[in-house]
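Here are my notes for you to read beside the coordinates. They are arranged as numbered points, and they start from a question about pairing.

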2 protein chains.
Amino acid sequence: MKRVMNSGQTLVAESLAGFVAAHEDLVAFGGGGRFLRRRALKPGKVALISGGGGGHEPLHGGFIGTGMLDAACTGHIFTSPTPDQILAAMDETDTGAGCLLVVKNYDGDVMNFEMAAEMAAPRHRIDMVVVEDDAAYGPSVRSRGRRGVAGTIVVEKILGAAAERGDDLAALKTLGEGLSPRLRSMGVALRGVTVPDNARETFALGSDEMEIGVGIHGEPGLSRQRLASADEIVRLICAPILDQLPVAEGLHPLLIVNGFGGTPPIELHLAYGLARRFLEAEGVMPRRSLVGTFVTSLDMAGFSVTLALLTEEEFALWCAPVATPVLAW
Amino acid sequence: MKRVMNSGQTLVAESLAGFVAAHEDLVAFGGGGRFLRRRALKPGKVALISGGGGGHEPLHGGFIGTGMLDAACTGHIFTSPTPDQILAAMDETDTGAGCLLVVKNYDGDVMNFEMAAEMAAPRHRIDMVVVEDDAAYGPSVRSRGRRGVAGTIVVEKILGAAAERGDDLAALKTLGEGLSPRLRSMGVALRGVTVPDNARETFALGSDEMEIGVGIHGEPGLSRQRLASADEIVRLICAPILDQLPVAEGLHPLLIVNGFGGTPPIELHLAYGLARRFLEAEGVMPRRSLVGTFVTSLDMAGFSVTLALLTEEEFALWCAPVATPVLAW
């Protein structure tokens with residue numbers, strides 16, 4: 001797989017430098033370049049800090065700003081950030097109300113964020129919300145339980161809005177844990193992904209194959225199948241999502257179609273239209289939607305569908321103003 | 001090349017349906033589904049109408065809304081919209097101040113927009129601005145003169161803001177033609193593109209090749225070279241752009257890095273950082289920037305750089321409020 005880069009070693013760092021330069025009104029480097037931070041912190045607000053491996057851009061840096069994250073720590077490609085990065089982010093963005101860490105459920109990420117939290121315990125109040133929205137729950141080399149995938153941005157947006165209005169650490173933790181059972185995602189890959197400096201694809205797909213339930217690190221999914229029509233693909237990923245969600249009156253469906261990096265807008269909008277039709281036929285009427293490239297696996301071709309069933313309060317928080325490089329309303 | 005679609009015949013129509021569903025607050029189908037239009041027209045404003053082949057999404061529909069386009073006409077993949085689509089758009093969105101057609105410089109597009117303008121002449125005041133920003137000016141099967149590529153969104157934004165403030169048809173035409181010599185783009189492809197229902201790639205690249213000066217229809221570019229470092233690629237496309245622009249004090253540089261559909265954000269931000277560094281070393285300091293996937297060639301891998309040197313007035317129009325599915329500030 002060919003890439004626009006100078007070398008695999010410098011890909012993440014050079015990309016982050018370009019990202020900060022492009023969004024210098026909102027985002028800055030912190031800790032001598034070890035993490036990205038909100039340029040203007042809001043004193044007295046709980047600091048929302050996330051992070052994970054590189055290769056998932058615009059996650060997490062693209063969601064730094066008013067009403068969302070205060071800091072994002074990025075590791076090498078598909079590699080957790082180190083505890084010292086996370087610690088530096090806590091030291092620089094905690095303005096007195098403590099830090100909430102939003103962590104995708106991968107063993108490496110959870111371990112490093114927990115380690116940072118322990119190291120920081122003497123001087124910061126800290127809590128953690130682990131995102132585990134992947135409906136393709138199967139054996140994984142990377143995590144116990146469900147993986148955290150594109151639903152992460154739902155957690156970051158809702159907790160970010162709550163932090164912005166002044167919720168304290170305990171309230172944010174309760175809000176995050178309450179949302180978890182009503183948030184599910186599932187993805188499909190049409191083309192695998194190659195990690196730079198590791199020449200071979202982490203998984204390879206034949207020219208007529210697709211991978212259902214794929215993760216965001218090029219790890220294989222639940223099943224490999226013959227490439228199907230978009231209608232069939234959408235059914236294969238939306239049905240398990242619906243099965244796992246407590247559909248009920250009074251909840252507000254939020255539908256997200258997320259590209260994995262190599263899939264163009266024309267296909268993402270097509271998938272969105274079909275996903276919406278599928279859900280509506282099942283009686284689930286999305287009240288808000290988002291279509292775009294938010295949580296990637298380098299240039300993997302494919303997409304994921306995320307469905308969140310939001311309470312009245314969560315829905316209001318989703319709709320609350322936000323000003324970040326990616327989401328702005 | 002694998003795609004998320006039901007069939008090549010329905011790809012564009014199903015994608016547009018999904019697009020309208022995702023953005024129903026801003027965009028609607030007009031003319032019985034033949035074009036996309038701004039949901040709420042502004043009476044007395046010149047109607048800004050654009051269009052072109054499918055396969056370039058989010059162009060043009062993504063730029064419909066307050067401060068930008070009133071209508072977008074989409075043809076089949078890489079095929080001009082028909083005069084009757086354009087005519088229907090004029091009939092439905094002209095609220096009395098006439099129509100300005102924004103057309104990318106391809107023979108088919110120019111011909112069909114001109115034909116529509118002739119047919120509409122008895123009942124509409126009409127003028128046209130042709131976008132021709134491609135710095136890779138060479139022989140082409142599709143156009144005489146420079147092609148219209150990603151710089152199209154600069155023209156649509158600036159003219160859209162001017163129309164929104166009440167400029168008349170003649171003023172908009174003058175503004176558009178004045179901007180043209182100060183707007184240039186150039187692109188590079190790392191992987192070719194396959195048109196659906198036409199199985200073979202329109203151009204194929206070897207696993208160590210890149211195409212410099214590529215167009216947005218998978219047409220070959222100026223030269224084929226061995227895949228180079230990002231630094232070298234950026235130099236190869238930014239140097240010709242600078243050569244063709246009248247760099248001068250008092251003009252405000254706008255820098256855009258645009259993905260062609262198959263290139264992920266991590267690479268686009270890296271390219272942006274290098275392009276900015278290259279320009280700054282040449283004494284050109286971007287005052288505004290935009291990085292993302294705006295003008296695509298299906299899922300072609302690669303990107304383009306656009307540089308516009310804006311007058312004080314054009315710069316203010318670029319910065320003026322806009323509310324469309326893609327640009328919003």
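Which residue is the bridge partner of A:H252 in β14(A)? The answer is given in the first point; please keep in mind throughout that this is a predicted model.

1. The partner of A:H252 in β14(A) is A:L310. This pair belongs to the contact between β12(A) and strand β14 of chain A, residues 301-310, where the two strands run antiparallel and are joined by eight bridges. As background, strands of a sheet pair through backbone hydrogen bonds, in either the parallel or the antiparallel sense.

2. Strand β12 of chain A, residues 252-259, also pairs with strand β13 of chain A, residues 288-292, but here the sense is parallel and the number of bridges is five. Within this pairing, A:V257 has A:V291 of β13(A) as its bridge partner. To get from β12(A) to β13(A) the chain passes through helix α7 of chain A, residues 265-281, and the resulting β-α-β crossover is right-handed.

3. Both pairings can be placed in an open sheet of six strands in chain A, whose order is β11-β10-β7-β14-β12-β13 and whose pairing is mixed. The edges of this sheet are formed by β11 (223-226) and β13 of chain A; each has a single partner strand, so one side of each is left without a neighbour in the sheet. From one strand to the next, the twist averages 15°.

4. For chain A as a whole, the model has eight helices and 14 strands. A compact globule of 329 residues would have a radius of gyration near 20 Å, and the 19 Å of chain A agrees with this. Along its principal axes, the C-alpha trace of chain A spans about 55 × 50 × 35 Å. Of the 329 residues of chain A, 65% count as buried, while the accessible surface of the chain comes to about 11000 Å², with 53% of that belonging to carbon and sulfur atoms. If one takes the contacts in chain A between residues at least 6 apart in sequence, 74% of them join residues at least 24 apart.

5. A:S80 deserves a separate look in chain A, where it lies in the loop between β4 and α2 (83-93). With a relative accessible area of 18%, A:S80 is buried, because the cut-off for that class is under 20%. Leaving aside neighbours within four places in sequence, A:S80 is in contact with A:G75, A:G108, A:D109 and A:N112. By contrast with these contacts, A:V155 is 75 residues away from A:S80 in sequence and 19 Å away in space, C-alpha to C-alpha.

6. In chain B, I would begin with an open sheet of six strands in the order β1-β2-β4-β3-β5-β6, in which the pairing is mixed. Here β1 (27-30) and β6 (126-131) of chain B stand at the edges with a single partner strand each, so one side of each has no neighbour in the sheet. The twist from one strand to the next averages 25°.

7. At the β6(B) edge, strand β5 of chain B, residues 99-104, runs parallel to β6(B) and is joined to it by six bridges. One of the residues involved is B:V102, whose bridge partner in β6(B) is B:V129. Helix α5 of chain B, residues 169-179, lies across β3 (47-54), β5 and β6 of chain B, and runs at about 10° to β6(B).

8. Several backbone details should be checked against the coordinates, given that most residues other than glycine have a negative phi and most peptide bonds are trans. A cis peptide bond, with omega about 10°, joins A:E57 and A:P58, and A:P58 is placed in the loop between β3 (47-54) and β4 (71-77) of chain A. In chain B, the peptide bond from B:L59 to B:H60 is cis, with omega near -5°, and B:H60 is in the loop between β3 and β4 (71-77) of that chain.

9. Two residues of chain B other than glycine carry a positive phi. For B:F78, phi is near 55°; this residue lies in the loop between β4 and α2 (83-93) of chain B and is buried, with a relative accessible area of 8%. For B:L298, phi is near 50°; B:L298 lies in the loop between β13 (288-292) and β14 (301-310) of chain B and counts as buried at 0% relative accessibility.

How values were computed:
Residues are numbered from 1 along each chain as its sequence is written. Chains are lettered from A and ligands numbered from 1 in the order in which they are written. This is a predicted model: local features need pLDDT of at least 70, side-chain atom pairs count only at pLDDT 80 or more; totals for chains, interfaces and linings use all residues. Side-chain values use heavy atoms; hydrogens and water are left out. Two strands pair if DSSP finds at least two bridges between them. Helices (H or I, at least four residues) and strands (E, at least two) are DSSP runs, numbered from the N terminus. Axes are lines fitted to C-alpha atoms, for helices over the stretch in contact, and angles run from 0 to 180 degrees between N-to-C directions. Contact means heavy atoms within 4.5 Å. A crossover is right-handed if, with the strands pointing away from the viewer, the path from the first strand over the helix to the second runs clockwise. The radius of gyration is taken over C-alpha atoms; the globule rule is 2.2 Å times the number of residues to the power 0.38. Buried means under 20% relative accessible area, exposed over 50%, partly exposed in between (1.4 Å probe, protein chains only). Accessible areas come from the Shrake-Rupley method with a 1.4 Å probe; for residues, only the protein chains shown count as cover.
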